Amino acid sequence: MKLSQFKFKLPQEQVALYPPHRLFKNDDGTEERIYNRDLCRLMVIHRKRQLIDMYKKDADGNDTTEWLTFRDLVNYFDEGDTFIFNDTKVFPARLYGTKEKTDAKIEVFLLRELNQELRLWDVLVEPARKIRIGNKLFFDEDGPMVAEVIDNTTSRGRTLRFLYDCPHDEFKKELFALGSAPLPRYIVDRRPATIDDMENFQTIYAKNEGAVTAPSTGLHFSRQLMKMMEIRGFNFSYITVHCSLGAFDPIEVEDLTKHKMNSEQMMIGEEACTIVNKAKQEGRRVCSVGISTLRACETAVGTDGLLKAFDGWTNKFIFPPYEFGLSTSLLSNFYHPESTMMMATAAFGGYDLIVEAYNLALKNGYMFGCYGDSLLILDD
């Protein structure tokens, strides 16, 4: 397929800058947001029947005028069905420092730690043209956190050595205390990250630290919803995919077969495989929660259609047409034009049906992006 087939006009007002919330105005004129992560809208696609649900049903099975919300997903699954979650944990990767001598403000985006003993980190810097090997960056006017640029890795990439003499745990705690939630560029270019974002931009089941962006579909799950799913007899399987910025890299080729994804680290344990494979063998639904989970499962599925343990990296790029080997349903968000996440969604749901769903979403005011509304694709 071609890149241009995934192009559409997304109005700025339909890009979610905050999670689902109720806005209250205080007497002093300030505003307060009460967040409800599971109250985003939900659109449901039945790919075999080529049907799209947007509204709740009445007792006779007819559409009402009430929108489906994310909580309604429980009505589309049965006891024994299994959900696969990505339990990666986001760390506060975006820092702001100043360059020595010039005091120029520099954004430093932490990607991954390269060496604990030497305090080496792989980072992105902005504006990159101002940062050269040998430059020092200061991150706290009153504190000791200083970093030296020791290598150029890409046009924006640098290797930093933090000059901070203390035990590693203390260093990491101090470093992360200076950071903020690594919200996508399309949000932070329009509003600053807040303290609330460090909680909102994290799934409630996050466990294994290493992601620099959240597995966004998982953000919709609340503790109340997870408890409701547990009561209904749904099974949960957890894998780890440390989400990188690769999914946000612009595709610069029209022919999608020529695009190369950046790699993401992933781990799938035996326990996760046992839960998923039991559901598969019993003919239950297996639902991947998010595109990172979908890509990981397609990396680790065997020719027998069963999930295999895996510890390594994946650069799998999924776009139509693609034959899936494991998942029978998918939860995703509504994503930006020409994004790899939209392409993977179209591969799972079918290009024409996903385009129709996106057009309905645009027409009916659905919200796009990591804090936006959700899409459930069923194989029925």
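**Exercise 1. Where is the place of P321?** Work on this predicted model and describe the peptide bond that leads into the residue, too.

*Solution.* Start with the strands on either side: P321 sits in the loop between β19 (310–314) and β20 (329–333). Next, check omega for the bond joining P320 and P321: the value is about -10°, and the bond is cis.

**Exercise 2.** Do the same job for the peptide bond from E126 to P127, then turn to the backbone of K101.

*Solution.* Omega first: for E126 to P127 it's near 0°, a cis bond. Then the location: P127 belongs to the loop between β11 (120–126) and β12 (136–138). Now over to K101, where phi is near 75°. That's a positive value in a residue other than glycine. K101 is in a loop as well, the one between β9 (94–99) and β10 (105–115).

**Exercise 3.** Work out how helix α7 (residues 340–349) and helix α8 (residues 351–363) cross, and say what the contact is made of.

*Solution.* You need two quantities here, since packed helices are described by the angle between their axes and the distance between the axes.

- Step one, the geometry: the axes of α7 and α8 come within 6 Å and cross at roughly 120°.
- Step two, the label: perpendicular runs from 65 to 115 degrees and antiparallel starts over 145, so α7 is oblique to α8.
- Step three, the hand: α7 passes α8 in a right-handed crossing.
- Step four, the residues: α7 brings M342, T345, A346 and G349, while α8 brings Y351, L353, I354 and Y358.
- Step five, the classes: this contact has six nonpolar residues, two polar and no charged.

**Exercise 4.** Give the volume of the second largest pocket and describe its lining.

*Solution.* The volume comes out at about 350 Å³. Now go through the lining: there are 19 residues, and the closest to the pocket's centre are Y35, R37, E199, I204 and S222. Which elements give two or more residues to this lining? Those are α3 (195–200) and α4 (223–231). Finally, sort by class: seven lining residues are nonpolar, seven are polar and five are charged.

Methods:
Residues are numbered from 1 along each chain as its sequence is written. This is a predicted model: local features need pLDDT of at least 70, side-chain atom pairs count only at pLDDT 80 or more; totals for chains, interfaces and linings use all residues. Side-chain values use heavy atoms; hydrogens and water are left out. Axes are lines fitted to C-alpha atoms, for helices over the stretch in contact, and angles run from 0 to 180 degrees between N-to-C directions. Helices (H or I, at least four residues) and strands (E, at least two) are DSSP runs, numbered from the N terminus. Angles under 35 degrees count as roughly parallel, over 145 as roughly antiparallel, 65 to 115 as roughly perpendicular and the rest as oblique. A crossing is left-handed if the near helix is turned anticlockwise from the far one by less than a right angle, and right-handed if clockwise. Contact means heavy atoms within 4.5 Å. Ala, Val, Leu, Ile, Met, Phe, Trp, Tyr, Cys and Pro count as nonpolar, Asp, Glu, Lys and Arg as charged, and the others, Gly among them, as polar. On a 1 Å grid over the protein atoms alone, a cavity is a set of points where a 1.4 Å probe fits but cannot get out, and a pocket is an open set with protein on both sides within 12 Å along at least five of seven lines; lining residues have an atom within 4 Å of a point. Grid points are joined across faces, edges and corners, and a volume is the space filled by probe spheres set on the points.
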